[in-house]
Amino acid sequence: MYLCFLKENRLNSSLSSLFTQLGLPGSLVKNLTAAGMTEPKPIQKQAIPSMLAGRDILGIAQTGSGKTLAFTLPILARIIAAGSKRKPKVARALILVPTRELAVQIDESVRLMARNMYLSVALVLGGVSRFTQIRHMASGVDILIATPGRLMDHVREKNISLSETCFFVLDEADRMLDMGFIRDVQQIARLIAPERQTALFSATMPKEISHLAESLLNRPLMLEMAPQGTTAVGIVQKLYCVPLRDKKKVLAGLLALPDFRSVIVFTRTKHGADAVTRYLEKAGYPVGVIHGNKTQNARQRALKGFRNGNLQVLVATDIAARGIDVPGISHVINYELPDEAESYVHRIGRTGRNGASGDAITLYDKSFEETRLRAVEKVIRKRLELQVMPNLPEIVFSTKAVEQNSEKSNPLKPLQYPKINSLSSKDPRKRPARRLDQGKLSRIRNVGKNGRKISRFAKAG
Ligand SMILES: Nc1ncnc2c1ncn2[C@@H]1O[C@H](COP(=O)(O)OP(=O)(O)OP(=O)(O)O)[C@@H](O)[C@H]1O
Ligand SMILES: [Mg+2]
């Protein structure tokens, strides 16, 4: 027993020392160990010592490879080492991100690592009350996590100053430097003292943006774990040819397959996201939606429901393509290919994270998406071959739902897709209909609005 204890203790200290060896203080290593993290990821091994030494960094590493801790840990370590130097309305470190959801997520991660350290962490984002944010910043902030628009409002109103900020991070840097954000980001960068340490991280960095990135950095160290645009290794990419008019039916059919447990569906537009969501709701799926026209509360509620497993499906625009870390997403479905090819890498990167595996399926209509497909293939440096669609279960709507269905075509009509000759035992058509859907139906029935009963079943082959 005593020997066992000794052995375990030795093992623990040798594992946690992997982070200690990178130069991180014991307090951080303790919090890492408590969060179950004992071994640094490759990008962390490279970035942490260099950032601790004060270098500017341009870090390119695949989705889900641990970039967040690669920049938050060294900043925390340097702030801890510098001691308590907070000044009212002054931010010591700034992490700038493109979306509110990502800001919330990074805030949670930083707080987890900064536990029991009396550091002040503040979150600034649009769509929520500014007064709480002002209050949190009043006595000074060690780490400020922000989206650009709301941060600029606070700077203009003199609620926070960046003149003494020593650490500046752009996560999803290529997105932060593209047309949508560049003016705000350049303005913010000008407010921060030039002696600052700057770090830029992303899984993609198109050539046109990289010169802008370099203009923000001072003799940077380039850390490229894989060439930019490389997709994560655990993701199996599939391309199915589906005419636009059939996409909703095919999507509903795919979602009825047993291994589609936790699925994020990306559409190109907010309107498209709403239309797909309505269709899936009518088909009886537990589904949430995230896009820019939703209130911040509704966005957070949908993400929370998806994260905790109450929602099988999250329909989203590219607002959820970058950075969002929900462990256990089994499938990403591109209902349409994105306008910006890099988005494909980020969208599919919501699965296959942190060494896990996952499927990324693209529903492709050759008649209008060919240019987009070629652009994606150029970014990922791979051809996406068309695959045979598996036989899909028939989706049956309740009569009322069918009446309300905006689709012109009859949703009761069985789907006509190439048949697979030999059906595996996993194929739902091999199972009795009741067995396949018994569990799902009980969940799904709760979803119908106004007491409307919605049923869905897979027909036995
Ligand atoms: N050293 C580690 N040990 C175990 N898990 C880790 C480690 N580092 C990070 N993770 C976990 O890996 C997951 C992915 O990390 P993270 O979100 O930082 O990826 P990322 O590289 O920023 O991805 P993206 O490009 O999609 O933003 C998270 O759940 C995180 O907690
Ligand atoms: Mg990230």
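**Exercise 1.** In what order do the seven strands of the open sheet lie, and is their pairing parallel or antiparallel?

*Solution.* We begin by recalling that strands of a sheet pair through backbone hydrogen bonds, either parallel or antiparallel. In this predicted model, the open sheet of seven strands follows the order 10-11-9-12-13-8-14, and the pairing is parallel. The next step is to look at the two ends of that order, where strand 10 (287–290) and strand 14 (386–387) are the edge strands, each of them pairing on one side only.

**Exercise 2.** Over how many bridges do strand 8 and strand 14 pair, and which residue of strand 14 is the bridge partner of Leu-239?

*Solution.* Strand 8, which covers residues 235–241, pairs with strand 14 in the parallel sense over two bridges. Turning to the single residue, we find that Leu-239 has Leu-386 in strand 14 as its bridge partner.

**Exercise 3.** Which strands does helix 11 lie across?

*Solution.* Helix 11, made of residues 247–255, lies across strand 9 (263–266), strand 11 (313–316), strand 12 (331–334) and strand 13 (358–364), and its direction is at about 160° to that of strand 13.

**Exercise 4.** How many residues surround ligand 1, and which helix gives the most to this shell?

*Solution.* The shell holds 20 residues, of which Thr-63, Gly-66, Lys-67, Thr-68 and Asn-354 are the closest to ligand 1. Helix 4 (residues 67–82) gives the most, with three residues. Sorting the shell by character, we obtain six nonpolar, nine polar and five charged residues. Finally, domain 1 (2–224) and domain 2 (235–409) each supply at least three residues to the shell.

Key. Residues are numbered from 1 along each chain as its sequence is written. Chains are lettered from A and ligands numbered from 1 in the order in which they are written. This is a predicted model: local features need pLDDT of at least 70, side-chain atom pairs count only at pLDDT 80 or more; totals for chains, interfaces and linings use all residues. Two strands pair if DSSP finds at least two bridges between them. Helices (H or I, at least four residues) and strands (E, at least two) are DSSP runs, numbered from the N terminus. Two residues are in contact if their C-beta atoms, placed from the backbone, lie within 7 Å. Axes are lines fitted to C-alpha atoms, for helices over the stretch in contact, and angles run from 0 to 180 degrees between N-to-C directions. A residue is near a molecule or strand if its C-beta atom, placed from the backbone, lies within 6 Å of it. Ala, Val, Leu, Ile, Met, Phe, Trp, Tyr, Cys and Pro count as nonpolar, Asp, Glu, Lys and Arg as charged, and the others, Gly among them, as polar. Domain bounds come from an automatic or database domain assignment.
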